[in-house]
There are 2 protein chains.
Amino acid sequence: MDASSVSYLRILMDVASDSHLPEGASMNDLSLPKAVSQAALSAQTINLGHQARLRSRNGEARGHTAGVAPGNVQGNLMVLPKDLASDFLLFCQRNPRPCPILAVSEPGNPMLPSLGEDVDIRYDIPRYRVYKDGVLVDEPYDIASQWRDDLVSFVLGCSFSFEQALVEAGIPLRHIEEQRTVPMYRTNIATTPAGVFHGPMVVSMRPMRPADIVRAVQVTSRFPSVHGAPVHIGMPHLIGIQDINKPDFGESITIHDDEMPVFWACGVTPQSVAMAMKPAFCLTHAPGSMLVTDLTNNSLASF
Amino acid sequence: MDASSVSYLRILMDVASDSHLPEGASMNDLSLPKAVSQAALSAQTINLGHQARLRSRNGEARGHTAGVAPGNVQGNLMVLPKDLASDFLLFCQRNPRPCPILAVSEPGNPMLPSLGEDVDIRYDIPRYRVYKDGVLVDEPYDIASQWRDDLVSFVLGCSFSFEQALVEAGIPLRHIEEQRTVPMYRTNIATTPAGVFHGPMVVSMRPMRPADIVRAVQVTSRFPSVHGAPVHIGMPHLIGIQDINKPDFGESITIHDDEMPVFWACGVTPQSVAMAMKPAFCLTHAPGSMLVTDLTNNSLASF
């Protein structure tokens with residue numbers, strides 16, 4: 001899709017209307033006329049990431065992005081005012097395992113060109129969360145009305161990327177088999193503080209047989225920009241997890257007798273750390289509703 | 001050292017004599033006159049592997065090679081008659097984790113040029129073992145008098161190489177700290193049979209803390225030609241180990257409460273498999289007394 005057709009779509013989005021929207025939804029949630037949308041999509045059929053973002057932008061996609069544009073990198077979103085952004089950037093730099101940065105915007109600029117064609121962070125995620133003083137106040141389908149000139153967007157790598165690599169390596173993932181959200185735990189593993197940001201690491205857990213654990217370490221080590229290798233294997237009590245069947249986030253899953261829990265640094269860590277200091281204003285993606293980028297997971301492999 | 005000085009040393013070795021040798025030791029165990037030996041060594045001081053082999057060749061080195069020529073690859077030796085060698089080669093090809101081949105000689109040729117300057121397998125290991133019908137019958141300091149035109153030498157990678165990489169990565173090794181031989185266990189992990197060779201995998205064990213286990217998998221994965229990544233982590237009963245404190249070979253070592261046993265395929269596997277079929281004739285290195293090659297451990301890294 002060329003620049004002129006992008007502009008055309010944007011104009012259509014800005015003028016469209018739909019009476020079925022929930023109260024408070026903005027103009028930009030609205031569906032494009034089907035024929036226009038399909039014509040635009042067919043013009044760039046190989047860019048599944050852009051297709052996915054257009055579906056968010058025109059209101060066709062409003063839920064989870066798991067399985068959307070398989071092979072494309074998906075990212076967590078954290079939007080903070082500029083006065084907090086430099087501390088947060090430093091926090092991510094000091095804690096790359098839980099906070100692997102894929103892109104940081106210019107202040108006030110909603111575009112993230114390094115992540116793909118025409119990425120506009122105000123519209124391109126299916127659903128968002130708005131926090132004021134650390135309290136969730138809204139879950140809108142776009143953040144155009146929230147946008148400010150001092151906002152900085154951070155897109156962080158997420159586990160979907162390394163999970164694709166694990167599945168392609170033939171390693172079964174229990175939370176996918178059991179159709180649950182991956183279990184996550186607050187640990188006693190300290191992050192390295194930066195300015196106002198500090199707090200414990202949150203980890204996700206996937207149970208595996210020992211031979212698969214070896215392979216999983218190899219496979220995920222190749223992807224440092226999407227959490228990389230596990231931070232812990234077995235022995236959950238050593239990282240402060242009292243009951244493996246009671247995750248702090250997500251859902252409990254089955255661990256068989258011939259398996260051990262394997263723990264990866266989790267992208268919930270930066271959210272948890274940011275919320276703990278109750279920022280006056282903060283935007284994130286809604287859980288599971290991620291930014292689908294044009295980057296391929298394979299392009300992130302370090303070797 | 002050039003070819004002419006090598007020939008000179010060989011001639012000296014063949015004519016030297018020493019009244020302190022044990023009964024049955026061959027001519028080639030004998031010490032070179034010190035001045036000649038030292039002059040030869042000083043002429044090639046950067047080749048520590050060659051120095052080590054000369055010390056074996058001239059009888060100065062007769063024990064373990066642990067710590068000798070640090071950074072150089074050391075290898076296990078298996079010498080078999082040609083009629084068994086092709087099956088053994090196939091066995092190694094099918095079981096690369098326990099049997100990583102570094103070099104195979106031409107039948108009857110004692111030289112292994114791919115492993116370094118002037119490597120002569122008859123003299124260059126400090127001590128050997130001679131087996132007849134599967135029974136240990138001698139532990140000579142060279143195998144010149146045993147040599148036959150139908151013998152094929154196999155040099156297989158050993159754990160010294162990946163242990164160097166682990167130590168350089170800051171991972172402590174308990175058996176080194178406790179000055180014991182690494183504990184080894186027969187497992188229920190089947191090898192893939194080839195001809196007359198079959199039997200279970202033998203593994204070595206190193207206890208580590210979980211974070212170190214992740215790093216150890218990464219570090220050793222880079223060295224597939226010296227056993228590579230672990231084959232198992234934790235849960236020894238799953239691979240048929242009844243009592244971790246009673247190894248089948250080597251010595252028991254301490255496992256702390258915050259550690260798990262990590263298991264690597266062990267070079268004792270091919271020896272164990274070969275002895276189990278009681279070959280009419282077979283030569284190996286004596287335990288811990290390895291072939292020091294000119295290859296560097298770092299040169300074996302796969303990436």
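This report walks through a predicted model of two chains, A and B.

**How the two copies relate**

Start with the pair as a whole. A turn of 180 degrees, with a shift of 0.0 Å along the axis, lays chain B on chain A with an RMSD of 0.0 Å. The two copies are thus related as by a two-fold rotation axis. Both copies use the same surface: 100% of the contact residues of chain B recur in chain A.

**The interface**

How many residues of chain B are in contact with chain A? The contact joins 20 residues of chain B to 20 residues of chain A. Between them, the chains bury about 1500 Å². Carbon and sulfur atoms carry 80% of that area. On the side of chain B, B:V214, B:I233 and B:M235 lose the most area to chain A. Together these residues make up 32% of what that side buries.

Two elements of chain B, α7 (210-221) and β8, each supply at least two residues of the side that touches chain A. Helix α7(B) gives the most, with 7 residues.

Charge pairing is absent here under the rule used: 0 salt bridges are found across the interface of chain B and chain A. Polar contact does occur, with 2 residue pairs across that interface, both at pLDDT 80 or more.

**The four-stranded sheet**

Now look inside chain B. Four strands form an open sheet in the order β6-β7-β9-β8 (chain B), and the pairing is antiparallel. Which strands stand at the edges? In chain B they are β6 (184-190) and β8 (232-233). Each has a single partner strand, so one side of each is left without a neighbour in the sheet. The edge strand β8 of chain B is also one of the elements that supply residues to the side touching chain A.

Strands of a sheet pair through backbone hydrogen bonds, either parallel or antiparallel. In chain B, β6 and β7 (residues 200-208) pair in the antiparallel sense over 4 bridges. Within that pairing, B:M184 stands opposite B:S204 in β7(B).

Helices lie on this sheet. Helix α8 (residues 268-276) of chain B packs on the sheet and touches β6 and β7 of chain B. The direction of α8 makes about 150 degrees with that of β7(B). Helix α5 (residues 159-168) of chain B lies across β7 and β9 (260-265) of chain B. Helix α5 runs at about 20 degrees to β7(B).

Chain A has an open sheet of 4 strands too, in the order β6-β7-β9-β8 (chain A), with antiparallel pairing. Its edges are β6 (184-190) and β8 (232-233) of chain A, each with a single partner strand, so one side of each lacks a neighbour in the sheet. A bridge in β7(A) joins A:Y185 to A:V203.

**Strand pairs side by side**

The table lists strand pairs from both chains, including two that involve β3(B).

| Strand pair | Sense | Bridges |
|---|---|---|
| β6(B) and β7(B) | antiparallel | 4 bridges |
| β6(A) and β7(A) | antiparallel | 4 bridges |
| β3(B) and β10(B) | antiparallel | 5 bridges |
| β3(B) and β4(B) | antiparallel | 3 bridges |

**Around β3 of chain B**

Strand β3(B) pairs with β10 (residues 281-285) of chain B. There, the bridge partner of B:V130 is B:L283 in β10(B). Strand β3(B) also pairs with β4 (residues 135-138) of chain B. In that pairing B:K132 stands opposite B:V135. What do β3(B) and β4(B) form? They make a hairpin with 2 residues between them. In the turn, B:D133 has a positive phi of about 50 degrees.

**The loop between β2 and β3**

In chain B, B:S114 lies in the loop between β2 (101-104) and β3 (128-132). Leaving aside neighbours within four places in sequence, B:S114 is in contact with B:A103 and B:L295. The C-alpha atoms of B:S114 and B:T284 are separated by 19 Å, and the two residues are 170 apart along the chain.

In chain A, the loop between β2 and β3 holds A:D118. The side chains of A:D118 and A:R57 meet in a salt bridge, at 2.7 Å from N to O. A:R57 lies in helix α3 (residues 48-57) of chain A, so the pair ties together parts that are 61 residues apart in sequence. Over all chains, the count comes to 22 salt bridges.

Note on methods: Residues numbered from 1 in each chain as written. Chains lettered and ligands numbered in written order. Predicted model: local features only at pLDDT ≥ 70, side-chain atom pairs only at ≥ 80, totals over all residues. Heavy atoms only, no water. Pairing = 2+ DSSP bridges. Contact = heavy atoms within 4.5 Å. Axes fitted to C-alpha atoms, helices over the stretch in contact; angles between N-to-C directions. Least-squares fit on C-alpha atoms with pLDDT ≥ 70 in both. Buried area = accessible area lost by both parts, 1.4 Å probe. Salt bridge = Lys/Arg side-chain N within 4 Å of Asp/Glu carboxyl O. Polar contact = N/O pair within 3.5 Å; in protein donor to acceptor, adjacent residues only side chain to side chain.
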